[in-house]
Amino acid sequence: MGQKADQEMTENPFEPYLDSIRQQLEAQDPVILIGVIVALAVVVITCVFLKYFLTGKTVRSAVLLVGLCDSGKTLLFIRLLSGKFKRTLTSITDNSAPYKAKNDRASTWTLIDLPGHDSLRSQYLEKFKSAARSIVFVVDSAIFQKEVRDVAEFLYMLLTDAVISKNAPTLLVACNKQDIAMAKSAKLIQQQLEKELNTLRVTHSAALSAQDGSVGGSVYLGKKGKDFNFSQLPMKVEFLECSARGSKGEEVEADIESLQKSLAKL
C-alpha cells in the first residue's frame with residue numbers, strides 16, 4: 001500500500017500545486033478571470049504581430065549606379081561623394097561608400113557603383129538588387145544613338161526583374177555627358193527608349209506565358225494591349241540631365257545638381 005502511494009506521488013509531483021491553483025481560481029470572480037484571459041490574449045497577439053512586422057519589413061538603403069561601360073558611372077560616383085574629378089578605369093568590381101543626401105533630414109544611403117560590362121552586370125545586380133532604394137541608370141548621352149539597343153536591353157532586364165518590380169525602387173535615368181555638343185536631351189532619350197522597350201517587349205512576349213504575366217522570375221513590362229511608356233511602371237521614374245565631367249572642364253564642379261536634388265527626395 002505504501003509503495004502504491006509513493007508511486008502516485010512520483011507520477012504526479014505537481015498535483016498538490018495544481019489543486020491549490022485550481023481552488024484559488026474557482027474562488028475568484030468569473031468576471032475578473034475573463035478579464036485576465038482577455039488581457040493575456042491581447043499580449044500574445046501583440047507580440048506575434050510585432051515579431052511578424054519587424055522581421056518582415058526590410059529597410060532598403062542602397063542607391064545603385066548602373067549602366068553600360070564608359071557611361072560615366074564611376075566618375076559620377078566620385079563626384080557625388082567628394083565633388084572632385086578623378087580619371088577612372090572600367091570597373092571590374094563594385095565600389096561602395098556612405099552618401100549623405102543634401103536634405104534637411106541628413107539622410108545617408110549606401111552608394112554602390114556596379115560594373116557595366118555585360119559579363120559582370122547581372123551577377124552584381126543580383127547581389128545588390130534587394131537592398132536598392134533607388135537605381136540610378138547612367139546613360140552616355142553623347143553616343144546614345146549608337147547604344148540605344150544595348151541600353152534598352154539592359155533596362156528591359158532591370159524593369160522585368162521580379163524583385164525590382166516588387167520592391168519598386170525609384171528609377172533615376174541620368175543622361176550623362178551633357179557637356180558634349182552631340183549629347184541627346186533627356187526628353188529625346190526617354191522617347192527613344194520607350195519605343196525600343198516596346199519593341200523588345202514584343203520580341204520577349206513569347207516567354208511570358210503565365211496567367212499573371214510572369215515566368216522564370218520575370219514580369220510583364222508595362223500594360224498589356226498598350227504601347228509602353230514609363231508611367232506604366234510600379235516605381236517612380238525620372239529622367240534628368242547631368243555631366244560628371246562638368247561643362248567647363250575637369251577642374252570645375254560637375255553639373256550634377258539635378259541628380260543630387262532627386263537623391264535628396266528619396
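**Exercise 1. The surroundings of Val136**

Which residues does Val136 touch, not counting residues up to four places away in sequence? Place Val136 in the fold and characterise its burial.

*Solution.* The model under study is a predicted one.

Step 1. The residue belongs to strand E4.

Step 2. The relative accessible area of Val136 is 1%. The cut-off for burial is under 20%, so Val136 is buried.

Step 3. Once residues up to four places away in sequence are set aside, Val136 touches Val63, Leu64, Leu65, Val66, Leu172, Ala174, Leu259 and Leu263.

Step 4. A C-alpha to C-alpha distance adds to this picture: Val136 and Leu171 are separated by 35 residues in sequence and by 6.1 Å in space.

**Exercise 2. The chain as a whole**

State how many helices and strands the protein chain has, what share of its residues is buried, and what share of its contacts between residues at least 6 apart joins residues at least 24 apart.

*Solution.* Step 1. The secondary structure comprises nine helices and six strands.

Step 2. Of the 266 residues in the protein chain, 38% are buried.

Step 3. Take the contacts between residues at least 6 apart in sequence; 71% of them link residues at least 24 apart.

**Exercise 3. The enclosure of helix H4**

Determine how far helix H4 (residues 73-82) is enclosed by the rest of the structure, and identify the elements its buried residues pack against.

*Solution.* Step 1. List the buried residues of H4: Lys73, Thr74, Leu75, Leu76, Phe77, Ile78, Arg79 and Leu80.

Step 2. Relate them to the length of the helix. Eight of the 10 residues are buried, and H4 is therefore largely enclosed by the rest of the structure.

Step 3. Identify the packing partners. The buried residues of H4 pack against strands E1, E2 (95-100), E3 (108-113) and E4, and against helix H9 (257-264).

Step 4. Examine what follows the helix. Gly83 comes after H4 and has a positive phi, near 80 degrees.

**Exercise 4. The geometry of helix H6**

Compare the end-to-end distance of helix H6 (residues 144-159) with that of a straight helix, and locate the kink in H6.

*Solution.* Step 1. At 1.5 Å a residue, a straight helix of the 16 residues in H6 would reach 22 Å.

Step 2. The end C-alpha atoms of H6 are only 19 Å apart, short of that value.

Step 3. H6 has a kink of about 35 degrees, centred on Asp150.

Step 4. The buried residues of H6 include Phe144, Val148, Val151, Leu155 and Leu159. As background, an α-helix has 3.6 residues a turn, so residues three or four places apart point the same way.

Step 5. The buried residues of H6 pack against several elements, among them strand E1 (62-67), helix H5 (121-128), strand E4 (132-140) and helix H7 (162-167).

**Exercise 5. The crossing of H6 and H8**

Classify the arrangement of H6 and H8 and give the handedness of their crossing.

*Solution.* Step 1. The two axes come within 9 Å and cross at roughly 60 degrees.

Step 2. Angles of 65 to 115 degrees count as roughly perpendicular and those under 35 as roughly parallel; H6 and H8 are therefore oblique to each other.

Step 3. The crossing of H6 past H8 is right-handed.

Step 4. Residues of H6 that make the contact include Phe144, Arg149, Ala152 and Tyr156, and those of H8 include Ile189, Leu193, Leu197 and His204.

**Exercise 6. Asn176 and Ala183**

For Asn176 and Ala183, decide from relative accessibility whether each is buried or exposed, and describe the contacts of each.

*Solution.* Step 1. Asn176 is part of strand E5 (residues 170-176). Its relative accessibility is 2%, so Asn176 counts as buried.

Step 2. Beyond neighbours within four places in sequence, Asn176 is in contact with residues including Ser71, Gly72, Val138, Asp140, Cys242 and Ala244.

Step 3. Ala183 sits in the loop between E5 and H8. Its relative accessibility of 19% makes it count as buried, the limit being under 20%.

Step 4. With the same kind of neighbours left aside, Ala183 is in contact with Ser141, Ala142, Lys177 and Gln178. Ala183 and Ile143, 40 residues apart in sequence, are 7.2 Å apart in space, C-alpha to C-alpha.

**Exercise 7. Positive phi in alanine**

Describe the phi, location and exposure of Ala106 and Ala168.

*Solution.* Step 1. Most residues other than glycine have a negative phi.

Step 2. Ala106 has a positive phi of about 55 degrees. It is found in the loop between E2 and E3 and is partly exposed, at a relative accessible area of 35%.

Step 3. Ala168 has a positive phi near 50 degrees. It is found in the loop between H7 and E5 and is partly exposed, at a relative accessible area of 26%.

How values were computed
Residues are numbered from 1 along each chain as its sequence is written. This is a predicted model: local features need pLDDT of at least 70, side-chain atom pairs count only at pLDDT 80 or more; totals for chains, interfaces and linings use all residues. Side-chain values use heavy atoms; hydrogens and water are left out. Helices (H or I, at least four residues) and strands (E, at least two) are DSSP runs, numbered from the N terminus. Buried means under 20% relative accessible area, exposed over 50%, partly exposed in between (1.4 Å probe, protein chains only). Contact means heavy atoms within 4.5 Å. The expected span of a helix is 1.5 Å times one less than its number of residues. The bend at a residue is the angle between axes fitted to the seven residues ending there and the seven starting there. Axes are lines fitted to C-alpha atoms, for helices over the stretch in contact, and angles run from 0 to 180 degrees between N-to-C directions. Angles under 35 degrees count as roughly parallel, over 145 as roughly antiparallel, 65 to 115 as roughly perpendicular and the rest as oblique. A crossing is left-handed if the near helix is turned anticlockwise from the far one by less than a right angle, and right-handed if clockwise.
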